[in-house]
Amino acid sequence: MTNLTKRVLLIFIVIPILFAAIGLLTFCHHIIVHIFGIAFMTVGSMELWKILTGKEPKSNPLVFIIPALISLVTYLECADIIKEGSLLVTVAALIFIVFAYPIFTRDEKNFEAINKNIQALTILILYPGFFFSYAPRLTDLPYPGWSLVGFLVLVFMSDIFAYVFGMAFGKSNRNIFPVSPKKSLMGFIGGFFATIFGAVVIFCMGAPIFGGKISNAILVSAIIGIVAPVGDLIESAMKRSAKTKDSANYIPGRGGVLDNIDSIIFSAPVFYYLIKYICLA
């Protein structure tokens, strides 16, 4: 089975499940979406910890505490149980804890790992923590179902067609980014225009998230068409530094969880603020 076939099969399995969770399971402020979010964030954090430190996640309890706390506070904000802005306070508190945590180290053999652990945990708070939290936070926007579906369609269109165009037309224009040599110029162009096409289709279907303006749909999708592959490249740089191909081996043809949410991590906050302050302002 080819890598492309595996990707297509995965899409046909996962996307209907996600869309069902978005469109049908709306009780308790889309709690099912937030459960998906904490699962992805936790596993992604575990994978990234191993990439950054070379250690197993169980070596530090903060690897599990960070995504759990960020996910919980995000949900409580979306459910209007706590005030907006609580997540920023939580992030600041977590950063303080990460820097203070090493003072309780007893074993001198662990002293040399303090700097690396602080750096890795601080990255986990932001990536995939804080940035990825904007994916489930899309449920807090007007028209949450359309917001989530629209966002996922744009990211998936970018990812799928970048791969398809790269495989079909990119053999002679690869290695534009040394951290990911297989990425090609034609792949980027194909993914970019496919993302815009996806937004136009959603707009024509009556999606209200673009404020009734096709210019907004094109603007949002064009920006996502740039940000999504950048997110992919950032994770590629981290893996290249760690000399590893995939973040894990959980998903056939797709690597680990982090390999599948890397485009979402940076795209989610960008999409959130574009919809909130430009399209629906």
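**View 1. A nonpolar patch lies on the surface of this predicted model.** Nine names are worth finding here: Ile176, Phe177, Val179, Leu185, Phe188, Ile189, Phe193, Ile226 and Val230 form the patch, and together they have about 740 Å² of accessible area. Which elements give two or more residues to the nonpolar patch? They are α8 (185-204) and α9 (214-242). Helix α8 gives the most, with 4 residues. One patch member to look for is phenylalanine 193, which is placed in helix α8. Phenylalanine 193 counts as exposed because its relative accessibility is 54%, and the cut-off for exposed is over 50%.

**View 2. Two phenylalanines of helix α7 form an aromatic pair.** The model has 14 aromatic pairs by the rule used here. In this one, the rings of phenylalanine 165 and phenylalanine 169 are tilted, with 5.7 Å from centre to centre and 50 degrees between the planes. Both residues belong to helix α7 (residues 144-169), where they are 4 residues apart, about one turn of the helix. Phenylalanine 165 is partly exposed, at 28% relative accessible area. Phenylalanine 169 is partly exposed too, at 49%.

**View 3. Phenylalanine 188 and phenylalanine 192 make a stacked pair.** Why is this pair stacked? The planes of the two rings are at 25 degrees, with the centres 6.2 Å apart, so the pair is stacked. Follow helix α8 to find both residues, 4 residues apart, about one turn of the helix. Is phenylalanine 192 buried or exposed? At 17% relative accessibility, phenylalanine 192 counts as buried, whereas phenylalanine 188 is partly exposed at 34%.

**View 4. Aromatic rings gather into a cluster, and a charge sits over one of them.** Ring pairs link Tyr127, Phe130, Phe131, Tyr134, Phe266, Tyr272, Tyr273 and Tyr277. Take a moment with tyrosine 134: the charged end of arginine 137 sits over its ring, 5.6 Å from the ring centre.

**View 5. Arginine 137 also forms a salt bridge, with glutamate 77.** The closest N and O atoms of this pair are 2.9 Å apart. Glutamate 77 lies in helix α3 (residues 62-78) and arginine 137 in helix α6 (residues 134-137), so the pair ties together parts that are 60 residues apart in sequence. Glutamate 77 is buried, with a relative accessible area of 6%, and arginine 137 counts as buried at 6%.

**View 6. Further salt bridges appear elsewhere in the model.** The count of salt bridges comes to 6. Aspartate 232 and lysine 183 form one of them, with the closest N and O atoms 3.4 Å apart. This bridge links distant parts of the chain, since aspartate 232 is in helix α9 and lysine 183 is in the loop between α7 and α8, 49 residues apart. Aspartate 232 is buried at 15%, while lysine 183 is partly exposed at 30%. Salt bridges that share partners also join Glu235, Lys239 and Asp259 into one network. Lysine 50 and glutamate 56 meet in a salt bridge as well, at 2.8 Å from N to O. Lysine 50 is partly exposed at 41%, and glutamate 56 is partly exposed at 40%.

**View 7. Two cysteines can be found in a model with 0 disulfides.** A disulfide is a covalent bond between the sulfur atoms of two cysteines. Cysteine 204 is exposed, with 63% relative accessible area, whereas cysteine 279 is buried, with 8%.

How values were computed. Residues numbered from 1 in each chain as written. Predicted model: local features only at pLDDT ≥ 70, side-chain atom pairs only at ≥ 80, totals over all residues. Heavy atoms only, no water. Patch = residues over 30% accessible without salt bridge, like charges linked within 9 Å, V, L, I, M, F, W, Y side chains within 5 Å. Areas by Shrake-Rupley, 256 points an atom, 1.4 Å probe, with all protein chains shown as cover. Salt bridge = Lys/Arg side-chain N within 4 Å of Asp/Glu carboxyl O. Buried < 20%, exposed > 50% of the residue type's maximum accessible area, 1.4 Å probe, protein only. Disulfide = S-S within 2.5 Å. Phe/Tyr/Trp six-rings, centres within 6.5 Å; stacked < 30°, edge-to-face > 60°. Lys NZ or Arg CZ within 6 Å of the ring centre and 35° of its normal.
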